[in-house]
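This report describes a protein chain from its atoms alone. Please keep the sequence and the model open while reading.

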Amino acid sequence: MMALRRLGLGRPRVALRGFHATAAARWGGEYYADDIMHHVDQCLDGLEHGGFYVFQGMLHGADDAVVRWIASRLMYPRTDSPQARRMMDIMNRTNAYAGLEVGKSFTRSLQGVSHRPVRILEVGFGGGHALINTTKLCAEHNWRVLGVDHSEDSLAFTKRAMVAAQCDAGVYDLMCADISRGLWAIPDGAFDCVYHCNTWYYWQDLDSTVEEIARLTRPGGIILSTSKAKFLKLLFGSRLASIEDKLLHTEVGRYEAALRSAGIKEVNSFENHPPTGEDPLSQFTMTFATKSK
């Protein structure tokens, strides 16, 4: 709760629902034999050294358990094995470009905000690739950022990463909580910008989660999202059926519809291609939405 007071949001009205979220329990009971993890390592080698199409080909011929392991770590990042830590590192590398572009976008949009400090929320910070960049921007502009993620592994990993990156501890706070359960301790319209990267396709109840994000955004505030739904559909291809309980939504239009249903009328999506020299896996779709005043 200290995080809320540091952001200037006052004393919490009620306890956070989903604080230290129980989502990890969904994966805690899964056991993977050594031979399965060997095949996971081979797939990750293919991704790191052969690129997307090598990785795709290996996934399409892999055992269901391997496919499900990859999908589960995309949805719920963990650091409980060497393979999981490799996966986290790969995700951070391929998502770094999107994190930079998000920062550029909200910096342009928030320059004209008259009240101070500007408050930003990141939902699902994962390995902290975008949050580190956001924290440095906040230090420059005297803004504040709160990062929320349902994974305690992500929380611990990101804490270490932000210390290593020498982020200013005075401008950010981290919280382990599940946005889909509602952050009811935080008042309506608390944030000038809410953003999330590679998250909405895993949300069990997309509409109610987007409604909660809309509640947390002030009138006139912005909601930014980066997604790789097209990439994931292409990556898993014929294996999508085996992970349909993990990758729940695959169409950007479905996410846009959820925003509009939540009362966010100004919604635009566009493809963002990385510049030459960037990892081609860094390509993403950005959705930019503005909440009516």
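The text below goes from the whole chain to the sheet, then to one helix and two tryptophans, and ends with the nonpolar cores.

**Basis**

This is a predicted model, in which local features need pLDDT of at least 70 and side-chain atom pairs count only at pLDDT 80 or more, while totals for chains, interfaces and linings use all residues. Residues are numbered from 1 along each chain as its sequence is written, and side-chain values use heavy atoms, with hydrogens and water left out.

**The chain as a whole**

The protein chain holds 11 helices and seven strands. These elements are DSSP runs numbered from the N terminus, with at least four residues for a helix (H or I) and at least two for a strand (E). Of its 293 residues, 57% count as buried. Buried stands for under 20% relative accessible area, exposed for over 50%, and partly exposed for what lies in between (1.4 Å probe, protein chains only). About 12500 Å² of the protein chain is exposed, and carbon and sulfur atoms supply 52% of that area. Accessible areas come from the Shrake-Rupley method with a 1.4 Å probe; for residues, only the protein chains shown count as cover. Contact means heavy atoms within 4.5 Å. Among contacts between residues at least 6 apart in sequence, 80% join residues at least 24 apart.

**The sheet**

Seven strands form an open sheet in the order E3-E2-E1-E4-E5-E7-E6, and the pairing is mixed. Two strands pair if DSSP finds at least two bridges between them. Strand E3 (172–176) and strand E6 (266–272) are at the edges with a single partner strand each, so one side of each has no neighbour in the sheet. From one strand to the next, the twist averages 15°.

Strand E5 (residues 217–227) has 10 of its 11 residues buried, so the rest of the structure largely encloses it. E4 and E5 pair in the parallel sense over six bridges, and Cys197 has Thr226 in E5 as its bridge partner. The path from E4 through H9 to E5 is a right-handed β-α-β crossover. Right-handed here means that, with the strands pointing away from the viewer, the path from the first strand over the helix to the second runs clockwise. E5 and strand E7 (residues 284–290) run antiparallel and are joined by six bridges. In E7, Phe288 is the bridge partner of Leu224, and Thr285 stands opposite Ser227.

Two helices that lie against strands of the sheet are listed here. Angles run from 0 to 180 degrees between N-to-C directions, and axes are lines fitted to C-alpha atoms, for helices over the stretch in contact.

| Helix | Strands | Angle |
|---|---|---|
| H7 (residues 129–141) | touches E1, E2, E3 and E4 | about 165° with E2 |
| H8 (residues 152–164) | lies across E2 and E3 | about 160° to E3 |

**Helix H9 and two tryptophans**

Why is H9 largely enclosed by the rest of the structure? Eight of the 11 residues of H9 are buried, so little of the helix is left outside that enclosure. The buried residues include Leu206, Val210 and Ile213, and their cover includes E1, E4, E5 and helix H11 (252–261).

Thr209 is part of H9 (residues 206–216). At 0% relative accessibility, Thr209 counts as buried. Leaving out residues up to four places away in sequence, Thr209 touches Ile179, Ser180 and Trp203.

Trp203 sits in the loop between E4 and H9 and is buried, with a relative accessible area of 10%. Beyond four places in sequence, Trp203 is in contact with Val123, Ile179, His196, Thr209, Val210, Ile213, Leu248 and His249. The C-alpha atoms of Trp203 and Ser180 are 7.3 Å apart, with their positions 23 residues apart in sequence.

Trp184 belongs to the loop between E3 and E4. Its relative accessibility is 33%, which makes Trp184 partly exposed.

**Nonpolar cores**

A nonpolar core is a set of buried Ala, Val, Leu, Ile, Met, Phe, Trp, Tyr and Cys residues joined through side-chain atoms within 4.5 Å. The largest has 57 residues, and Ile70 and Phe236 have the most contacts inside it. Helix H5 (residues 64–75) gives the largest share of this core, seven residues. A second, separate core has 31 residues, among them Phe106, Ile132, Tyr172 and Cys197.
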